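This report describes selected features of one protein chain, working from strand pairing to enclosed and open spaces and then to a single side chain. Please read it alongside the sequence and the coordinates.

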Amino acid sequence: MQVSSPSRPPSPHPMHRLSVAPMMDWTDRHCRYFHRLLTRHTLLYTEMVTTGALIHGDRPRHLDFNDEEHPVALQLGGSEPADLATCAKLAQDWGYDEVNLNCGCPSERVQRGAFGACLMNEAPLVADCVKAMRDAVDIPVTVKHRIGIDKTEDYGFVRDFVGTVADAGCEVFLVHARNAWLKGLSPKENREIPPLRYEYAHQLKRDFPHLTIVINGGVGTNEQIAEHLQHVDGVMLGREAYHNPWLMADWDERFFGQAPSGITRESIEDAMVEYMERFAATGAPFTHVSRHILGLWNGLPGARRRRQVWSDPTYRALGPRGVSRLARSPSAGAQPVAA
């Protein structure tokens with residue numbers, strides 16, 4: 001493994017400037033459609049999908065997405081190079097813009113499958129996986145990982161991991177700047193308790209200037225995004241983007257140099273109501289979609305009431321448009337409607 005000189009050329013992968021993290025049970029295709037209404041240029045990631053689910057399961061259920069979601073990346077969980085190559089080819093055939101290998105999830109369920117964060121202890125295997133995937137597809141193959149395993153905080157560990165995997169042809173690394181504790185913490189605690197070490201991600205960019213380094217973990221404001229972009233190529237947000245989605249509304253203007261979009265919260269909710277109506281026409285519950293927009297009005301007067309109306313099962317018989325109308329009404333919540 002060879003560390004490069006400290007000069008910093010422009011990132012060869014500018015679409016990674018901003019991205020929304022893969023989040024289990026959250027970043028499904030309905031969530032991504034919603035986020036795409038807020039920002040045209042931010043890269044969106046799927047939930048993690050295991051190779052077994054794609055090889056043996058319902059592929060359309062796991063892979064289908066809306067054309068409007070581009071640029072969109074599929075995150076895979078797995079550790080068998082041949083299986084990952086097969087699934088990467090599926091991702092390319094389905095039209096994804098990128099395929100990403102999960103080397104950061106610390107859950108015990110994922111560890112039992114011998115993938116996720118525990119793969120950081122097997123950098124040569126990750127390199128083999130990346131090479132197999134790259135040989136199978138033309139779209140970018142990227143890796144999302146932590147900065148270390150358990151309580152050992154040694155920058156050399158993540159530096160050597162990145163160097164080994166980069167030698168296999170990976171050019172983009174999404175760095176969750178916390179360790180992953182494989183025992184003793186829940187996945188939720190693993191997102192909060194291990195300390196953030198942003199300086200490790202910044203140092204990776206200095207040591208590997210030819211690579212695209214994207215930082216992830218604990219970022220919650222546009223000011224923090226702008227600060228990190230002074231040191232790395234991109235910033236990935238997770239929970240903050242989900243719970244406070246309006247944060248993304250001016251990203252295209254602020255970070256991609258686009259003209260103001262002119263969108264409003266009202267126009268976004270109207271667009272999502274139309275989307276919910278199309279989805280409900282297939283016979284599926286519109287609540288599969290509406291749950292993702294509950295944070296749209298966060299921080300404004302009446303936001304709590306809006307969330308309550310959208311979440312109340314007694315209003316579902318009104319349909320998406322009726323619920324939206326009730327949520328906007330000052331007297332919302334006064335007259336429950338039987339489902």
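## Strand β2 and its neighbours

In this predicted model, methionine 48 has glutamine 75, a residue of β3, as its bridge partner. The pairing to which this bridge belongs, between β2 and strand β3 (residues 72-77), is parallel and extends over five bridges. Strand β1 (residues 18-20) also pairs with β2 in the parallel sense, here over two bridges, and valine 20 stands opposite leucine 44 of β2. Between β1 and β2 the chain passes through helix α1 (residues 29-38), and the resulting β-α-β crossover is right-handed.

How far is strand β2 enclosed by the rest of the structure? Of the eight residues in this strand (residues 43-50), six are buried, so the strand is largely enclosed by the rest of the structure.

## The largest pocket

The largest pocket holds about 720 Å³ of space, and its lining is made up of 32 residues, among which Pro22, Met23, Met24, His176 and Arg191 lie nearest the centre. Two or more lining residues come from each of the elements β2, α5 (108-112), β5 (141-145), α8 (187-190), β10 and α11 (239-243). By class, the lining of the largest pocket comprises 13 nonpolar, eleven polar and eight charged residues.

## The second largest pocket

For the second largest pocket the space amounts to about 420 Å³. Its lining has 18 residues, and those nearest the centre are Asp28, Glu47, Val49, Arg61 and His62. Helix α1, strand β2 and helix α3 (59-63) each contribute at least two residues to this lining, with the largest share, five residues, coming from β2. The lining of the second largest pocket divides into six nonpolar, three polar and nine charged residues.

Strand β2 thus appears in several of these descriptions: it pairs with β3 in the parallel sense, it is listed among the elements that give two or more residues to the lining of the largest pocket, and it supplies the largest share of the lining of the second largest pocket.

## An enclosed cavity

Besides the pockets, the structure contains one cavity of 30 Å³ or more, and the volume of the largest cavity is about 50 Å³. The residues lining this largest cavity are Glu269, Ile293, Leu294, Leu296, Trp297, Arg306, Arg307 and Trp310. Helix α15 (residues 303-311) provides the largest share of that lining, namely three residues. Sorted by class, the lining of the largest cavity includes five nonpolar and three charged residues, but no polar ones.

## Aspartate 233

Aspartate 233 lies in the loop that runs between α10 (222-228) and β10 (234-237). Is this residue buried or exposed? Aspartate 233 has a relative accessible area of 8%, and because this is under the 20% limit, it counts as buried.

Which partners does the side chain of aspartate 233 have? With the side chain of lysine 205 it makes a polar contact of 2.8 Å, while a polar atom of the aspartate 233 side chain also lies 2.9 Å from the backbone nitrogen of isoleucine 213. The picture for aspartate 233 is therefore that of a buried residue whose side chain is joined to that of lysine 205 by a polar contact.

Definitions and conventions: Residues are numbered from 1 along each chain as its sequence is written. This is a predicted model: local features need pLDDT of at least 70, side-chain atom pairs count only at pLDDT 80 or more; totals for chains, interfaces and linings use all residues. Side-chain values use heavy atoms; hydrogens and water are left out. Helices (H or I, at least four residues) and strands (E, at least two) are DSSP runs, numbered from the N terminus. Buried means under 20% relative accessible area, exposed over 50%, partly exposed in between (1.4 Å probe, protein chains only). A polar contact is a pair of N or O atoms within 3.5 Å; within protein, one must be able to donate a hydrogen and the other to accept it, and residues adjacent in sequence count only if both atoms are side-chain atoms. Two strands pair if DSSP finds at least two bridges between them. A crossover is right-handed if, with the strands pointing away from the viewer, the path from the first strand over the helix to the second runs clockwise. On a 1 Å grid over the protein atoms alone, a cavity is a set of points where a 1.4 Å probe fits but cannot get out, and a pocket is an open set with protein on both sides within 12 Å along at least five of seven lines; lining residues have an atom within 4 Å of a point. Grid points are joined across faces, edges and corners, and a volume is the space filled by probe spheres set on the points. Ala, Val, Leu, Ile, Met, Phe, Trp, Tyr, Cys and Pro count as nonpolar, Asp, Glu, Lys and Arg as charged, and the others, Gly among them, as polar.
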